[in-house]
Amino acid sequence: MRHAIVVVTVLAGCSHAADPAIDAPPSNPDAPKAPDGPAPDAPPPGTPLRIIVLNEVAPGENPDWIEVVNATTAPVQLADFVFVDKAGDLAKAVPFPQMMLSPGARFVQDVDGTIVPFKLGSDEEVWIYRASDGALSDGVDWDEGAAPTGKSYARIPDVFGPFQTSEQTRGRANQP
Ligand SMILES: [Ca+2]
Ligand SMILES: [Ca+2]
């Protein structure tokens, strides 16, 4: 008898233990970000959607600009996505223009400090979120010296490669 009771108790315990995982909500995009310091390049929490991908950033220009790519195999409405220069700051985020972006197509957004109420600094970050739910799509945090004036910081190869200091290729394929 004693063995049977132990088994029942263990099974009940397992059942309850599984519940929190099943009911766990998706990762919270509003979760506080670790302060800048020891790990300035740490991305915000959560796995990026990588629908609209940040492909190149050119700070220190007149105007600054960013290049994004539709990384999916279907057309994407660009206005369904927003971008901001501070991780998680959706209140300050700016929507991209109304425009269907074809699979693999690029779009260059000027970041001029007027229509877009911020510019890009030499040690900055850009994050792209889906407007409907605040889910992170892609982004990058760069350090001082990574994107000097006249150069850019770009994924090489396009879309899938890591960011590196490179020549500017506004609206064109990235190159070292
Ligand atoms: Ca930075
Ligand atoms: Ca480019």
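Biologist: Leaving aside neighbours within four places in sequence, which residues is V126 in contact with?

Modeller: Happy to start there, with the reminder that this is a predicted model. V126 is one of the residues with the most contacts inside the largest nonpolar core. Beyond its neighbours within four places in sequence, its contacts are L54, V57, I66, F83, D85, L120, G139 and V140.

Biologist: Which element gives the most residues to that largest nonpolar core?

Modeller: The core has 31 residues, and L54, V57, V126, W127, I128 and Y153 have the most contacts inside it. The elements giving two or more residues to this core are β1 (52-58), β2, β4 (81-84), β8 (125-130), β9 (136-141) and β10 (152-155). With five residues, the one that gives the most is β1.

Biologist: Good, now the overall layout. How many helices and strands are there in the protein chain?

Modeller: Reading from the N terminus, the elements run α-β-β-β-β-β-β-β-β-β-β-β. That makes one helix and 11 strands.

Biologist: Which strands stand at the edges of the five-stranded open sheet, and why is one side of each left without a neighbour?

Modeller: The sheet has the order β7-β2-β1-β10-β11, with antiparallel pairing. A strand with a single partner has one side left without a neighbour in the sheet, so the edges are β7 (106-111) and β11 (163-166).

Biologist: Which residue in β7 does V68 stand opposite?

Modeller: β2 covers residues 64-70. It pairs with β7 in the antiparallel sense, over six bridges. In β7, the residue opposite V68 is F107.

Biologist: Let me ask about D64 too. Is D64 buried or exposed?

Modeller: D64 lies in strand β2. Not counting residues up to four places away in sequence, it touches A58, P59, V111, K119 and L120. D64 is also 6.0 Å from D112, C-alpha to C-alpha, although the two are 48 residues apart in sequence. Because 23 C-beta neighbours lie inside 10 Å and the cut-off is 20 or more, D64 counts as buried.

Biologist: Which loop is the place of P63, the residue just before it?

Modeller: Most peptide bonds are trans. The bond from N62 to P63 is cis, however, with omega near 0°. As for its place, P63 is in the loop between β1 and β2.

Biologist: And what is omega near for the cis bond from I156 to P157?

Modeller: P157 lies in the loop between β10 and β11. The bond leading into P157 from I156 is cis, with omega near -5°.

Biologist: What value is phi of V159 near?

Modeller: Most residues other than glycine have a negative phi. V159, found in the loop between β10 and β11, has 17 other C-beta atoms within 10 Å and is therefore partly exposed. Its phi is positive, near 70°.

Biologist: R50 has a positive phi as well; is it about 55° or about -55°?

Modeller: R50 sits in the loop between α1 (2-23) and β1. It counts as partly exposed because it has 16 C-beta neighbours inside 10 Å. R50 is not a glycine, yet its phi is about 55°.

Biologist: Last one: over residues 4-22, where pLDDT stays under 50, how many contacts beyond four places in sequence does the model have?

Modeller: The mean pLDDT of the protein chain is 84, and 74% of its residues reach 70 or more. Where pLDDT is low, the predicted coordinates should not be read in detail. Residues 34-38 also stay under 50, with two contacts beyond four places in sequence. For residues 4-22, the number is zero.

Conventions:
Residues numbered from 1 in each chain as written. Chains lettered and ligands numbered in written order. Predicted model: local features only at pLDDT ≥ 70, side-chain atom pairs only at ≥ 80, totals over all residues. Helix = DSSP H or I, 4+ residues; strand = E, 2+ residues; numbered from the N terminus. Buried ≥ 20, exposed ≤ 12 C-beta atoms within 10 Å, placed from the backbone. Contact = placed C-beta atoms within 7 Å. Pairing = 2+ DSSP bridges. Core = buried A, V, L, I, M, F, W, Y, C linked by C-beta atoms within 7 Å. pLDDT = per-residue confidence, 0-100.
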